[in-house]
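Grab a pencil and have a look at the protein below. Try each exercise yourself before you read its solution.

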Amino acid sequence: MRILISNDDGYFAPGLAALASSLSQFADVVVVAPERDRSGASNSLTLDRPLSVKKAANGFYYVNGTPTDCVHVAVTGFLEQRPDLVVSGINHGPNMGEDTLYSGTVAAATEGFLLGIPAIAFSLAGRNNHFDSAARVASELVQRYIARPFASPMLLNVNIPDVPSAELGACEVTRLGRRHMAEPVIRAQNPRGDTVYWVGPVGPEQDAGAGTDFNAIRRKQVSITPLMIDLTARDQQDVIKTWLNP
């Protein structure tokens with residue numbers, strides 16, 4: 001099993017090291033990650049300049065681009081063999097609800113999926129740094145995939161409670177929850193006196209009931225959400241057709 005690992009926190013992130021160490025115990029692993037933190041980069045591709053791939057002292061490769069760049073470059077030209085699975089993470093913080101639209105972690109997995117490769121994004125839903133717990137879950141799920149691969153490529157978004165391994169609950173298949181509108185930007189002045197704006201924190205949970213990723217994490221369950229790329233609002237197609245007619 002050949003596994004390509006990437007992330008959005010950068011090639012030096014502890015979550016990436018934990019994931020690579022865990023999966024390399026039973027698979028052929030190569031890491032291609034951003035040279036710096038690209039959290040929130042979403043699915044952006046770099047088209048205005050060339051990209052370079054360099055090798056770090058720990059054996060990881062890093063790219064001067066986005067998480068999507070990393071997977072795209074790796075799969076379409078850098079690697080000699082096409083990976084069997086793309087794994088992204090372990091992100092330092094959750095990627096639930098609308099977070100998935102902005103997440104570079106999910107974007108790296110999405111790029112693998114768009115290139116026809118099964119992909120899984122792993123995120124540690126907290127800031128207590130229990131990467132060992134998340135790495136254990138990632139290892140178990142990837143080994144399950146090796147034993148029972150999907151009939152066709154799938155894109156999974158996995159969020160893991162940030163608790164000691166002994167406190168982790170079971171895996172639960174979920175849907176994305178929803179948040180309220182984000183908090184306002186934070187206005188400040190830089191040392192030159194210019195007005196600048198920091199993006200504010202995310203809004204509180206709005207749809208976090210049974211079956212959502214928020215609900216699973218609150219109960220210390222591992223949330224697994226299958227994602228899809230088709231953004232078509234099918235229930236609005238007839239509305240638009242009617243709107244277009246005189």
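Here are three short exercises on this model, which is predicted.

**Exercise 1.** How are the axes of helices α1 and α5 oriented to each other, and which residues make the contact?

*Solution.* Start with the general idea: two packed helices are described by the angle between their axes and the distance between the axes. Here, α1 covers residues 14-23 and α5 covers residues 131-147. Their axes come within 9 Å and cross at roughly 40°. An angle under 35 degrees would count as roughly parallel, and 65 to 115 as roughly perpendicular. The angle here fits neither, so α1 and α5 are oblique to each other. As for handedness, α1 passes α5 in a right-handed crossing. On the α1 side, the contact is made by Pro14, Gly15, Ala18, Leu19, Ser22 and Leu23. On the α5 side, look for Phe131, Ala135, Ala138, Ser139 and Val142.

**Exercise 2.** Is Cys70 buried or exposed, and what about Cys171?

*Solution.* Buried means under 20% relative accessible area, and exposed means over 50%. Cys70 sits at 0%, so Cys70 is buried. Cys171 has 44%, which means that Cys171 is partly exposed. While you're on cysteines, try a disulfide hunt: searching the whole structure turns up 0 of them.

**Exercise 3.** How do strands β10 and β11 run, and how many bridges join them?

*Solution.* First find β10 at residues 186-189 and β11 at residues 195-198. The two strands run antiparallel, joined by 4 bridges. Next, pick Ile186: its bridge partner in β11 is Trp198. Finally, check the turn of this hairpin, with its 5 residues between the strands: Gly193 takes a positive phi near 90°.

Methods
Residues are numbered from 1 along each chain as its sequence is written. This is a predicted model: local features need pLDDT of at least 70, side-chain atom pairs count only at pLDDT 80 or more; totals for chains, interfaces and linings use all residues. Side-chain values use heavy atoms; hydrogens and water are left out. Two strands pair if DSSP finds at least two bridges between them. A disulfide is a pair of cysteine sulfur atoms within 2.5 Å. Buried means under 20% relative accessible area, exposed over 50%, partly exposed in between (1.4 Å probe, protein chains only). Axes are lines fitted to C-alpha atoms, for helices over the stretch in contact, and angles run from 0 to 180 degrees between N-to-C directions. Angles under 35 degrees count as roughly parallel, over 145 as roughly antiparallel, 65 to 115 as roughly perpendicular and the rest as oblique. A crossing is left-handed if the near helix is turned anticlockwise from the far one by less than a right angle, and right-handed if clockwise. Contact means heavy atoms within 4.5 Å.
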